[in-house]
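Biologist: I would like to learn how to read a few features of this model. Could we take them one at a time, with the general idea before the case?

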Amino acid sequence: MQDSTLIEVSRLLKRFGPKVVLRGLDFHVRQGEFVALLGPNGAGKTTFLRILASLSAPSAGRVSVAGCDLPRQATAVRQKLGVVSHLPLLYGDLTAEENLRFYGRMYGVDALEKRVGEVLTLVGLTSRRRDLVRTFSRGMQQRLAIGRAILHDPEVLLLDEPHTGLDQDACEMLDEVLMQVAARGRTVVMTSHDLARVEEMASRFDVLSRGRICSSVRRDALPPDGLLAFYRRALAEATPPVEEAL
Amino acid sequence: MRGFLRALGAVVWKDLAAELRSRELLSSMLVFALLVIFIFNFALELDAVARANVTSGVLWVTFVFAGTLGLNRSLAVEKDRGCLDGLLLAPVDRTAIYFGKAIANLVFMLVVAAIVLPVYSILYNVNLFAQGGLLWVIFLGAEGYTAVGTLLAAMAVQARTRDILLPILLFPVVIPVLVAAVKASSGYLQRLPMEEILPWLQLLLAYDVIFTSIAFMVFESVVEE
Amino acid sequence: MKSQPRLLIGLDVVTVLVMAVATYMVFGYAPIERVMGAVQKVFYFHVAAGWVGMLGFLAAVVAGVAYLVSRKPVWDLVGLGAIEIGLTFMLINIITGSIWARPIWNTWWTWDPRLTTATIMELLYAAYLMLRQGIEDPERRARFGAVYAIIGFISVPLTFFSIRIYRTIHPVVIGGGDPTVSGSFSMTPAMGATFAVSLVAFSFLFASLLWHRIRLGQLGARVEQMKLKLTE
């Protein structure tokens with residue numbers, strides 16, 4: 001099973017009216033990979049992740065997650081996905097454990113109380129389980145958001161800029177949780193701007209530019225000058241010379 | 001089917017639990033409802049004679065205005081913190097989410113009615129509970145109203161102009177429910193014979209069925225991209 | 001740039017001709033009604049405009065369903081165009097009705113079921129336009145428009161039916177009706193012919209306007225696309 005492909009995207013196209021955001025994107029992820037999706041603002045990272053998350057339908061092309069096609073078999077895919085977006089997706093007027101309990105019921109999690117306890121321990125919020133989420137700091141909310149995403153033990157974890165707005169400590173705590181998830185053989189796809197941070201974590205780096213994956217490299221094949229240099233080169237190659245654009 | 005009911009129950013429970021804690025939605029609906037009644041009192045000179053004819057109208061206008069407030073809030077909460085995405089990410093039928101929200105909204109409207117009715121009874125020294133049928137009419141009217149209202153509020157909160165949009169979208173659509181509810185209520189309040197009330201009750205029931213099923217059918221297109 | 005299709009030019013010509021014939025028949029051919037006099041002539045275009053209004057709203061609901069099923073942007077253009085035309089002609093219908101009602105019913109406005117329903121319908125489809133205005137993403141705008149067109153179209157007959165249970169004073173000319181209702185009359189054959197031609201003329205007008213509106217929308221979309229290409 002080590003080599004099986006879990007996410008398969010080919011020739012994905014996404015249009016918003018006349019505007020084409022993703023133009024023929026190809027993307028494959030094997031089970032257990034930790035893919036960092038890099039790219040400038042407006043490259044289509046969030047759009048792509050929303051399509052993978054089944055929240056947005058592709059205009060054309062094929063998307064399949066764990067053998068199920070999107071958007072046709074969306075419900076089956078949803079069961080296998082955990083998603084963290086830059087919004088917390090939590091209810092401020094419910095406590096931490098009530099939020100988890102609610103989402104646990106939505107996902108049909110077995111032995112819910114036990115699982116909620118486990119997840120709260122994992123994200124380090126056991127002591128505040130009975131506090132309203134409204135009173136949480138941004139870092140705590142983000143940790144609980146991750147707890148919400150892994151509650152049903154999904155095969156794939158999708159994260160959209162999870163570090164945005166977090167301070168140093170919160171980032172490290174977040175990374176620790178993520179590494180624990182990844183260490184259990186779960187597949188992770190994460191968009192990020194923080195190259196230094198993902199360089200330590202991810203096993204593969206994909207650069208998204210102008211609606212396509214323009215470069216991809218495994219961590220063990222990274223050039224000696226590091227991720228930043230690789231990223232800059234990838235973008236420079238992807239951006240066509242000015243004459244060609246006109 | 002079990003998964004459907006479980007998800008539906010979870011959404012209802014979540015809305016009620018959050019509301020029980022913050023009481024934001026209910027308290028604003030209630031205060032607003034009472035204010036409307038007081039404004040009507042001065043605007044219409046609600047003396048005993050006038051009251052007999054307009055009580056049902058006043059009550060329904062009150063419910064409808066307060067209901068708009070509640071519907072907007074109930075769906076805005078989902079939209080603002082990305083919770084709507086959270087709901088949509090769950091592997092459940094979209095209609096379970098719709099019915100969950102609609103039932104929670106119906107409960108909120110009925111709670112408001114349960115407080116407005118006795119207050120109105122005390123203020124005007126009438127017993128609105130003397131006619132049990134009126135409670136049925138309020139239930140049926142509120143059901144039809146929240147069935148369409150939940151759907152349209154889900155659209156309104158996704159628009160740029162959302163704060164002003166819901167009443168404009170909702171009122172012209174929901175008029176048939178209102179006409180039937182007002183007529184049936186005033187039938188009970190004026191103690192008309194049952195055969196004069198019954199047609200309105202049947203209409204109200206038919207409208208409820210029509211609006212609920214159409215909202216049920218199109219809800220997915222409102223939330224799915 | 002695509003030039004106008006032949007068929008559309010033909011349709012335009014036919015529309016202009018048949019509208020001219022209808023106008024002539026209304027003023028030159030149809031007899032003056034005995035009781036009401038010349039103001040009765042409003043009737044021909046009044047009903048025809050109402051017919052186009054209903055046709056527009058019906059087309060919009062069909063387009064709405066088609067859009068939700070196929071997700072083809074052209075159905076959104078059809079729906080929007082049909083509603084814009086429907087709104088305009090329903091307004092013509094209400095105003096001409098008002099002009100007629102002033103001398104016949106002695107008032108500009110009564111709370112008659114058809115009048116009330118027609119006006120609620122105007123408000124409903126005005127709300128449709130406002131909904132669209134508040135949404136940036138064209139795909140979502142099309143989806144919500146389709147949903148609202150469907151809901152609205154189901155609500156309108158229910159509104160009419162509810163208000164109908166109150167007594168109506170609006171004349172029912174087609175298919176008999178209560179002769180005691182103020183303002184009703186029986187049509188002579190010449191009147192009937194004029195009425196039929198008016199209906200046909202307005203139907204052509206509707207088809208032609210809708211086609212032009214769809215083309216306008218498509219051209220607008222192409223302009224948008226070209227603009228985007230330039231800025232990229």
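Biologist: Take helix α1 (residues 45-52) of chain A: is it mostly covered or mostly bare, and how many of its eight residues are buried?

Modeller: Bear in mind that this is a predicted model. Burial is judged by counting neighbours, and 20 or more other C-beta atoms within 10 Å make a residue buried. Six of the eight residues of α1(A) are buried, so the helix is mostly covered. They are A:K45, A:T47, A:F48, A:L49, A:I51 and A:L52. Just after α1(A) comes A:S54, with a positive phi near 70°.

Biologist: Which residues of chain A other than A:S54 have unusual backbone geometry, such as a positive phi in a residue that is not a glycine?

Modeller: Most residues other than glycine have a negative phi, and most peptide bonds are trans. A:A111 is not a glycine, yet its phi is about 45°. A:A111 sits in the loop between α3 (96-107) and α4 (112-122) of chain A. A:A111 has 10 other C-beta atoms within 10 Å and is therefore exposed. For the peptide bond, look at the step from A:L70 to A:P71: it is cis, with omega near -5°. A:P71 belongs to the loop between β5 (68-70) and α2 (74-80) of chain A.

Biologist: Is B:N125 buried or exposed?

Modeller: B:N125 is exposed, because it has 8 C-beta neighbours inside 10 Å. Its phi is positive too, near 55°, and B:N125 lies in the loop between α5 (94-124) and α6 of chain B.

Biologist: How do I read a residue within a strand, and what does A:L157 touch?

Modeller: Start with the count, then list the partners that are remote in sequence. A:L157 is in strand β7 (residues 156-160) of chain A, and it counts as buried because it has 22 C-beta neighbours inside 10 Å. Leaving aside neighbours within four places in sequence, A:L157 is in contact with A:G82, A:A149, A:I150, A:V181, A:R186 and A:V188. A:V84 is 73 residues from A:L157 in sequence, but their C-alpha atoms are 7.8 Å apart.

Biologist: What is the make-up of chain B, in helices and strands?

Modeller: Chain B has eight helices and zero strands. Its radius of gyration is 18 Å, close to the 17 Å that the globule rule gives for 225 residues, so chain B is as compact as a globular protein of that length. Its C-alpha atoms fill a box of roughly 55 × 35 × 30 Å along the principal axes. Of the 225 residues, 52% count as buried. Among contacts between residues at least 6 apart in sequence, 81% join residues at least 24 apart.

Biologist: How confident is the predictor about chain B, by mean pLDDT?

Modeller: Where pLDDT is low, the predicted coordinates should not be read in detail. Chain B averages 90, and 100% of the residues score at least 70. Among its elements, helix α3 (residues 48-80) of chain B has the lowest mean, 88, and α6(B) the highest, 94.

Biologist: How many residues are in the largest nonpolar core, and which have the most contacts inside it?

Modeller: In soluble globular proteins, nonpolar side chains tend to be buried together. Here the largest nonpolar core has 214 residues, and those with the most contacts inside it are A:L52, A:L158, B:V112, B:V148, B:L169 and B:L204. α7(B) gives the largest share, 16 residues. As for B:V112, its contacts beyond four places in sequence include B:L26, B:M29 and B:F63.

Biologist: How many residues does chain B give to its contact with chain C?

Modeller: Chain B gives 22 residues and chain C gives 24. α7(B) supplies the largest share of chain B's side, nine residues. That side divides into 18 nonpolar, three polar and one charged.

Biologist: And which element of chain B gives the most to the side that touches chain A?

Modeller: That contact takes 20 residues from chain B and 24 from chain A. α1(B) gives the most to the chain B side, with nine residues. By class, the side has 10 nonpolar, four polar and six charged residues.

Biologist: Last, what span should helix α6 (residues 189-231) of chain C have?

Modeller: At 1.5 Å a residue, its 43 residues should span 63 Å, and the end C-alpha atoms are 63 Å apart, which agrees. The buried residues of α6(C), among them C:M191, C:F195 and C:L209, pack against α1 (6-29), α2 (42-70) and α3 (73-104) of chain C.

Technical notes:
Residues are numbered from 1 along each chain as its sequence is written. Chains are lettered from A and ligands numbered from 1 in the order in which they are written. This is a predicted model: local features need pLDDT of at least 70, side-chain atom pairs count only at pLDDT 80 or more; totals for chains, interfaces and linings use all residues. Two residues are in contact if their C-beta atoms, placed from the backbone, lie within 7 Å. Helices (H or I, at least four residues) and strands (E, at least two) are DSSP runs, numbered from the N terminus. Ala, Val, Leu, Ile, Met, Phe, Trp, Tyr, Cys and Pro count as nonpolar, Asp, Glu, Lys and Arg as charged, and the others, Gly among them, as polar. The expected span of a helix is 1.5 Å times one less than its number of residues. A residue is buried if 20 or more other C-beta atoms lie within 10 Å of its own, exposed if 12 or fewer, and partly exposed in between; C-beta atoms are placed from the backbone. The radius of gyration is taken over C-alpha atoms; the globule rule is 2.2 Å times the number of residues to the power 0.38. A nonpolar core is a set of buried Ala, Val, Leu, Ile, Met, Phe, Trp, Tyr and Cys residues joined through C-beta atoms within 7 Å. pLDDT is the predictor's confidence in each residue, from 0 to 100.
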